[in-house]
Amino acid sequence: MKKLVILGGGYGGLTVAKELLEGDIPADTVMIMVDRMPFQGLKTEYYALAAGTVSEQDIRVHFPVDPRLILKYGEVTAVDPEQKVIRFANDEPLSYDWLVIALGCVDKYHNIPGAEEFSNSIQSLSATRKTYQASNDAAPYGQITIVGGGLSGVEMAAELRESRPDLNIRILDRGASVLSPFPERLQRYVREWMLEHDIELRSHVSLNRLEGGLLYNQQEIIQTDITIWTAGIQPSPIVQNLNLPKDNQGRLTINEYHQLPDYNEIYVVGDCAALPFSPSGQAAEAQGKQVAEVLQAVWKNETPRLGKIKLKGVLGSLGKKAGFGLMGKRTVMLGMVPRALKSGVLWMSKRHLG
């Protein structure tokens, strides 16, 4: 039997599996999906779990049950493209004929001493559970500091405000404003919402060290009880350790069919792939659909025909009653409508509808 192995059951990897299960898989081919857990955690909702406004059950998506899909659980330690094997922490190596790398991302700490040791993360389900424990154990009127004013940082702050009205919450950002890549109108709306809800915003903060509850902004010392890190991501360490061409973000360079140029049997999706747009669940799913198309064409000895990936936009939440969205490059949505749309997207994701 030939083996198609999918590393990671997140947005990209799970989409590849689902798309192939809806089509034809050759009779001589078995599909194996490898993950740490027996379900997908909806990563775009980890901020709500960390804040305590949803339960873990609310953000779990169970993997498909199908005789053509074998689920394997374990901790991947390395991929060996020359030997065509995957290595595990506590298991025998697994060989493959085709491989999809969809291992997602981890926090990027920018070589700041103490950042990883003294901050909390929402990049993995395990880390998010610990962040939930820390943030909800904070004493009344304690200080929570969120490092990073991007989408994750903004959503984390807003959800935490809804969960714990008593806490002092601040966002530290290196730029001039939260959500700096977005249009000014959207930035202004979010800034005003934050100020109305007593969330402190500090811009042009460049941390150079963390030490317990002390954050060093060059010569200034900022005191905090809990620090939550949302200041950047980088590909999985498995990808970082591959000696292959990458972009300046450390993501693997791929060809027009999402394959490694030197190893066409290896496909890369999501946060591990060098794409012309920012990493997102939506991008990973769109890419996953195309990888399934390419694989089906390869199995039929046909030339794949892929269209250009077009992302629909970005949706963000400010608690459960407000939100913001950017459709295309210019259409800004603010208030209840984008929040309702995001709830709808979550509902569809939990039911394998995209």
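Helices and strands are runs assigned by DSSP and numbered from the N terminus. In these terms, Thr224 lies in the loop between strand S16 (220-223) and strand S17 (226-229). The structure described here is a predicted model.

The protein chain as a whole contains 8 helices and 23 strands. Its C-alpha trace spans about 60 × 40 × 35 Å along the principal axes. A compact globule of 354 residues would have a radius of gyration near 20 Å, and the 21 Å found for the protein chain therefore agrees with that expectation. Of the 354 residues, 50% count as buried. Contacts that bridge long stretches of sequence are frequent in the following sense: among contacts between residues at least 6 apart in sequence, 64% join residues at least 24 apart.

Two loop residues illustrate how individual positions are placed within this chain. For Thr224, the relative accessibility is 8%, and the residue counts as buried because this value is under the 20% cut-off. The side chain of Thr224 makes a polar contact with the side chain of Thr145, at 2.8 Å. Thr145 also appears among the residues that Thr224 contacts once neighbours within four places in sequence are left aside; the others in that set are Gln143, Ile144, Arg170, Gly213 and Leu215.

The second residue, Ile25, is located in the loop between helix H1 (11-22) and strand S2 (29-35). Ile25 has a relative accessible area of 15%, which is under 20%, and so it is likewise classed as buried. When residues up to four places away in sequence are not counted, Ile25 touches Leu20, Met31, Arg68 and Trp299. One of these partners, Arg68, is 43 residues from Ile25 along the chain, yet the C-alpha atoms of the two residues are separated by 8.1 Å.

The interior of the model was also examined for enclosed space. The count comes to 1 cavity of 30 Å³ or more. The largest cavity holds about 40 Å³ of space. Its lining is formed by Leu244, Pro245, Thr253, Leu260, Pro261 and Asp262. By class, this lining comprises 4 nonpolar residues, 1 polar residue and 1 charged residue. Leu and Pro count as nonpolar and Asp as charged, so the nonpolar part of the lining consists of Leu244, Pro245, Leu260 and Pro261, while Asp262 is the charged member and Thr253 the polar one.

Technical notes: Residues numbered from 1 in each chain as written. Predicted model: local features only at pLDDT ≥ 70, side-chain atom pairs only at ≥ 80, totals over all residues. Heavy atoms only, no water. 1 Å grid on protein atoms, 1.4 Å probe; cavity = no way out; pocket = protein on both sides within 12 Å on 5 of 7 lines; lining within 4 Å. Points joined across faces, edges and corners; volume = space filled by probe spheres on them. Helix = DSSP H or I, 4+ residues; strand = E, 2+ residues; numbered from the N terminus. Buried < 20%, exposed > 50% of the residue type's maximum accessible area, 1.4 Å probe, protein only. Polar contact = N/O pair within 3.5 Å; in protein donor to acceptor, adjacent residues only side chain to side chain. Contact = heavy atoms within 4.5 Å. Rg over C-alpha atoms; globule rule 2.2 N^0.38 Å.
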